[in-house]
Amino acid sequence: MREFGYQRAHDVAGAVALLGADPEARFLGGGTNLVDLMKTGVERPARLVDVRELPLDGIEVTEDGGLRIGATVTNSDLAAHPEVRRRYPVLTQAVLAGASGQLRNMATVGGNLLQRTRCGYFTDVTQPCNKRTPGSGCPAIEGEHHNHAILGASAHCVAVHPSDMGVALTALDAVVTYETADGPGELPLDDFYLPVGDTPHRETALPPGALITGVTLPPAPVAAHSRYRKVRERASYAFAIGSVAAALDVQDGAVRDVRLAFGAVASRPWRARAAEQVLTGAPADAETFAAAADAELAAADPLPHNAYKVTLIRNLVVAVLTELTEEAAR
Ligand SMILES: Cc1cc2nc3c(=O)[nH]c(=O)nc-3n(C[C@H](O)[C@H](O)[C@H](O)COP(=O)(O)OP(=O)(O)OC[C@H]3O[C@@H](n4cnc5c(N)ncnc54)[C@H](O)[C@@H]3O)c2cc1C
Ligand code: SF4
């Protein structure tokens with residue numbers, strides 16, 4: 001492991017300045033991903049700028065009735081917050097479906113969005129990998145890819161984004177706010193992650209050196225009736241092989257409003273807009289739910305060992321939307 005310097009930042013401007021002063025520096029949140037990657041040599045920063053003491057650990061209701069979540073809020077505090085539990089239960093469920101209690105006590109919102117893929121070739125520095133070493137190749141396409149992407153991948157990388165929280169935030173139209181030396185900025189989560197294309201090493205549209213300061217959720221009454229369902233290879237402490245975040249408003253047997261996103265299917269949390277289009281205004285029944293899933297999954301391009309994800313996501317969509325519909329009818 002490379003030797004590195006460590007500094008703790010106490011204000012946002014100071015954190016941005018510290019990072020800007022050293023092109024080989026990285027922000028440190030809970031360290032639950034970055035430090036692991038440093039131990040294996042995937043990440044080799046010269047300096048860590050610890051952001052956990054920045055005043056970004058609050059969760060507050062915004063003027064328009066949305067929610068503002070600070071970047072250093074831990075996963076545990078986010079999941080437990082009464083406003084999140086009451087108004088955005090899909091977010092609480094997604095966060096609690098991830099990692100373990102100990103990890104959630106350390107991990108932060110900013111770090112969760114920027115965690116790297118768990119592709120085994122990416123985390124093994126003895127292997128080629130276009131994401132880690134651009135131009136070196138993608139052995140996953142011909143090799144081990146049972147938990148890789150079925151949507152939005154390219155011939156250069158087929159890795160999936162591992163975040164559960166990000167799937168719920170994507171369904172909820174979250175906006176990421178950040179600070180740079182040139183001032184603040186924001187990116188809707190839709191624009192935050194870049195398409196894979198031939199540059200899988202470029203993962204987000206954040207400007208270089210940007211500090212994530214928080215995430216804003218717009219008000220969304222539909223979100224009060226929402227759910228996250230995750231499928232994994234063991235019952236706890238494992239990443240998703242497929243997940244669905246859904247919010248549903250059914251009136252008089254028809255879908256009045258819906259939000260839908262998938263996890264572990266693409267290089268980013270996947271907003272299912274084609275499915276939402278099919279659902280909106282249609283009868284809230286299993287036939288419509290399956291047709292909506294099919295509309296989204298028509299673009300799926302699975303590899304030999306991950307085609308099961310198409311069926312898995314289709315079944316999850318039908319199951320979760322059916323549950324939400326039945327609950328609304330009670
Ligand atoms: C065993 C294990 C199981 C796990 N299971 C799951 C799971 O099931 N689901 C899931 O979603 N996650 C899971 N995780 C991943 C975990 O959720 C992430 O490691 C965690 O969310 C990362 O947050 P962190 O604050 O520790 O980030 P760090 O490791 O500190 O940082 C990650 C990246 O974000 C950058 N960064 C951090 N904060 C900021 C900021 N404010 N602005 C800009 N850049 C920043 C860092 O420079 C780094 O590049 C698991 C992790 C482990 C180790
Ligand atoms: S899928 Fe992406 S991360 Fe995995 S080996 Fe290929 S290029 Fe690397």
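In this predicted model, the centres of domain 1 and domain 2, taken over C-alpha atoms, are separated by 37 Å. Domain 1 covers residues 1–52, and domain 2 covers residues 225–329. A helpful landmark comes from the UniProt record, where an unreviewed entry places the feature "domain: FAD-binding PCMH-type" at residues 1–222. Helix makes up 26% of residues 1–222 and strand 17%, and the C-alpha atoms at the two ends of this span lie 47 Å apart.

With the domains in place, the ligand is a good next stop. Ligand 1 lies between domain 1 and domain 2, because both of them give residues to the shell around it. That shell holds 30 residues, and the closest are Phe27, Thr32, Leu34, Thr108 and Asp164. By residue type, the shell divides into 15 nonpolar, twelve polar and three charged residues.

Several polar atoms of the protein come up to ligand 1. The backbone takes part through Gly30, where a polar atom is 2.8 Å from an oxygen atom of the ligand. At Ile212, a polar backbone atom is 2.8 Å from a nitrogen atom of ligand 1. A side chain is involved at Lys230, with an N or O atom 2.9 Å from an oxygen atom of ligand 1. On its own, ligand 1 has 980 Å² of accessible area, and the protein covers 93% of this. Two or more residues of the shell come from each of strand 2 (25–28), helix 2 (34–39), helix 7 (109–113) and strand 8 (211–217). Helix 7 supplies the largest share, with three residues.

Beyond the ligand, charged side chains offer another way to read the fold. Side chains of opposite charge can pair when their charged atoms come close. In this model, the count comes to 22 salt bridges. One of the pairs joins Arg271 and Asp173, whose closest N and O atoms are 2.6 Å apart. This salt bridge links distant parts of the chain, since its two residues are 98 residues apart. Arg271 sits in strand 12 (residues 270–271), while Asp173 belongs to the loop between helix 8 (165–171) and strand 6 (175–180).

A further example is found at Glu83, a residue of helix 4 (residues 82–87). The side chain of Glu83 makes a polar contact with the side chain of Arg86 at 3.2 Å. The Glu83 side chain also makes a polar contact with that of Arg87, at 2.9 Å.

Key: Residues numbered from 1 in each chain as written. Chains lettered and ligands numbered in written order. Predicted model: local features only at pLDDT ≥ 70, side-chain atom pairs only at ≥ 80, totals over all residues. Heavy atoms only, no water. Near = heavy atom within 4 Å. Polar contact = N/O pair within 3.5 Å; in protein donor to acceptor, adjacent residues only side chain to side chain. Areas by Shrake-Rupley, 256 points an atom, 1.4 Å probe, with all protein chains shown as cover. Helix = DSSP H or I, 4+ residues; strand = E, 2+ residues; numbered from the N terminus. Nonpolar A, V, L, I, M, F, W, Y, C, P; charged D, E, K, R; others polar. Domains from an automatic or database assignment. UniProt positions renumbered as here; feature names shortened; annotations may be inferred. Salt bridge = Lys/Arg side-chain N within 4 Å of Asp/Glu carboxyl O.
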